[in-house]
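Work through the exercises below with the model open beside you. Try each task before you read its solution.

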Amino acid sequence: MDCKIKILISIMLSGLVSSAMAINTRTLAFNEAYSPLFGHHNIHRSDDDRHVRLLLDRSSGSGFISSDMYQHGLFSALIKLPSDYTAGVVVAFYTSNGDMFEKTHDELDFEFLGNIKGKEWRVQTNIYGNGSTSRGREERYLMPFDPTKEFHRYSILWTNETIIFYIDEMPIREVRRTEAMGGDYPSKPMSLYATIWDASNWATSGGKYKVNYKYSPFTSEFHDLSLVGCRVDPIQMLPTSTENCTAANSDLMNTGLTVITPDKRKAMRAFREKFMTYSVCYDTLRYPEKLPECEIVEAEKRRFKESGHLKFSHHRRHRSSRARRSTATDPDPSKHSSM
């Protein structure tokens, strides 16, 4: 890997530069844009209402939802994950309209999958359009830092043409809309959700390791929540005002995240080559004919089996003390409900 690209990845993902912790947009207090969703007693808000802790214990998980729905936008937050033994725990930061369109819902996900003590958290991105859960578009990655030690920013950018997932200011996945995708490209207004919940039946090694409530409460923290998008009336499914959408589109462009620069694209390729452990684009067992938006990168393809998983475990490919800790991967990373 080119030394310059290694340095770029290190800078962009280390959290040592302030720009990786902030984006060029206004953050919102909880009561300005969000409402409790479930597990109200396990939602703890700071005095200034800009820091939210979601807990999972024996009584329940917890979650919140945006007060409005959005037709495209940027959905972003600084997140810190639970530490210690977290097998079976899932923290999700995602957009969805499943409450409005039960059978034809759209969804964009960051799902953080817990692990047994001493093993790494994994993050999975998912894309579903028009109820296309049978055609899941999952990817899974290790993270080049400990997400339990400090906050990192996770962002979902969704426009009419492109979906980009960011960690800090690093794009890790881009999906460009194609005509062949049809309704599989998310197109209906969505709300933002953040949740923590018990997914013992699938989250860690296919359900082999369960949530152990001896280690509860499991606490995920959210800070600097940001929503930039065209607000939509939930009944009529129309923008609340033309002015609102015009201003939102301008704010979206000003974030600097709508375009991937050549340097960031190189860094994204390097990140994917080093940290991606599963890609639906290389899973020829599920999809003998590749999905229309998949761009096959030979440098990536050589690393994966026909199941879409790595040919070699991560600890055999990377010799650092962090990478030597083997990571369990589920036999099928297909989507389960984010609550």
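A strand here is a DSSP run of type E with at least two residues, and strands are numbered from the N terminus. The model is predicted.

**Exercise 1. The overall make-up**

Task: Find how many helices and strands the protein has, and what share of its residues is buried.

Solution:
- Step 1. Count the elements. There are six helices and 16 strands.
- Step 2. Turn to burial. Of the 339 residues in the protein, 55% are buried.
- Step 3. Look at contacts with a separation of 6 or more. Residues 24 or more positions apart account for 70% of them.

**Exercise 2. A histidine in a strand**

Task: Decide whether His-152 is buried or exposed, and find which side chain it joins in a polar contact.

Solution:
- Step 1. Locate the residue. His-152 lies in strand S10, residues 152–158.
- Step 2. Apply the cut-off. Buried means under 20% relative accessible area. His-152 has 0% relative accessibility, so it counts as buried.
- Step 3. Find the partner. The side chains of His-152 and Asp-168 are joined by a polar contact of 2.8 Å.

**Exercise 3. A serine at a strand end**

Task: Find which backbone atom the side chain of Ser-96 reaches.

Solution:
- Step 1. Place Ser-96. Strand S6 covers residues 89–96 and includes Ser-96.
- Step 2. Check burial. The relative accessible area of Ser-96 is 5%, so the residue is buried.
- Step 3. Follow the side chain. It reaches the backbone nitrogen of Gly-98 at 3.0 Å.
- Step 4. List contacts beyond four places in sequence. Among those of Ser-96 are His-105, Asp-106, Met-190 and Tyr-193.

**Exercise 4. The core and a distant pair**

Task: Name the residues that touch the most other members of the largest nonpolar core. Then find how far apart Leu-225 and Phe-75 are in sequence and in space.

Solution:
- Step 1. Take the core. It has 56 residues, and Phe-64, Phe-110, Phe-112 and Phe-222 touch the most other members.
- Step 2. Look at Phe-112. Beyond four places in sequence, its contacts include Ile-79, Leu-81, Trp-121 and Met-143.
- Step 3. Move to Leu-225, in strand S14, residues 218–232. Its relative accessibility is 1%, so Leu-225 counts as buried.
- Step 4. Compare the distances. Leu-225 and Phe-75 are 150 residues apart in sequence, yet 8.0 Å apart in space, C-alpha to C-alpha.
- Step 5. Check what Leu-225 touches beyond four places in sequence. Phe-64 and Tyr-34 are among these residues.

**Exercise 5. The cavity**

Task: Find the volume of the largest cavity, and which residues are closest to its centre.

Solution:
- Step 1. Count. There is one cavity of 30 Å³ or more.
- Step 2. Read the volume. The largest cavity holds about 270 Å³ of space.
- Step 3. Inspect the lining. Of its 18 residues, Glu-174, Arg-269, Arg-272, Glu-293 and Glu-295 are closest to the centre.
- Step 4. Sort the lining by class. It has seven nonpolar, one polar and 10 charged residues.

**Exercise 6. Unusual backbone**

Task: Find which two residues a cis peptide bond joins, and what phi is for Asp-49.

Solution:
- Step 1. Recall the usual case. Most residues other than glycine have a negative phi, and most peptide bonds are trans.
- Step 2. Find the cis bond. It joins Ser-216 and Pro-217, with omega about 5°.
- Step 3. Read phi. For Asp-49 it is near 65°, a positive value.
- Step 4. Place Asp-49. It is found in the loop between strand S2 and strand S3.

Definitions and conventions: Residues are numbered from 1 along each chain as its sequence is written. This is a predicted model: local features need pLDDT of at least 70, side-chain atom pairs count only at pLDDT 80 or more; totals for chains, interfaces and linings use all residues. Side-chain values use heavy atoms; hydrogens and water are left out. Helices (H or I, at least four residues) and strands (E, at least two) are DSSP runs, numbered from the N terminus. Buried means under 20% relative accessible area, exposed over 50%, partly exposed in between (1.4 Å probe, protein chains only). A polar contact is a pair of N or O atoms within 3.5 Å; within protein, one must be able to donate a hydrogen and the other to accept it, and residues adjacent in sequence count only if both atoms are side-chain atoms. Contact means heavy atoms within 4.5 Å. A nonpolar core is a set of buried Ala, Val, Leu, Ile, Met, Phe, Trp, Tyr and Cys residues joined through side-chain atoms within 4.5 Å. On a 1 Å grid over the protein atoms alone, a cavity is a set of points where a 1.4 Å probe fits but cannot get out, and a pocket is an open set with protein on both sides within 12 Å along at least five of seven lines; lining residues have an atom within 4 Å of a point. Grid points are joined across faces, edges and corners, and a volume is the space filled by probe spheres set on the points. Ala, Val, Leu, Ile, Met, Phe, Trp, Tyr, Cys and Pro count as nonpolar, Asp, Glu, Lys and Arg as charged, and the others, Gly among them, as polar.
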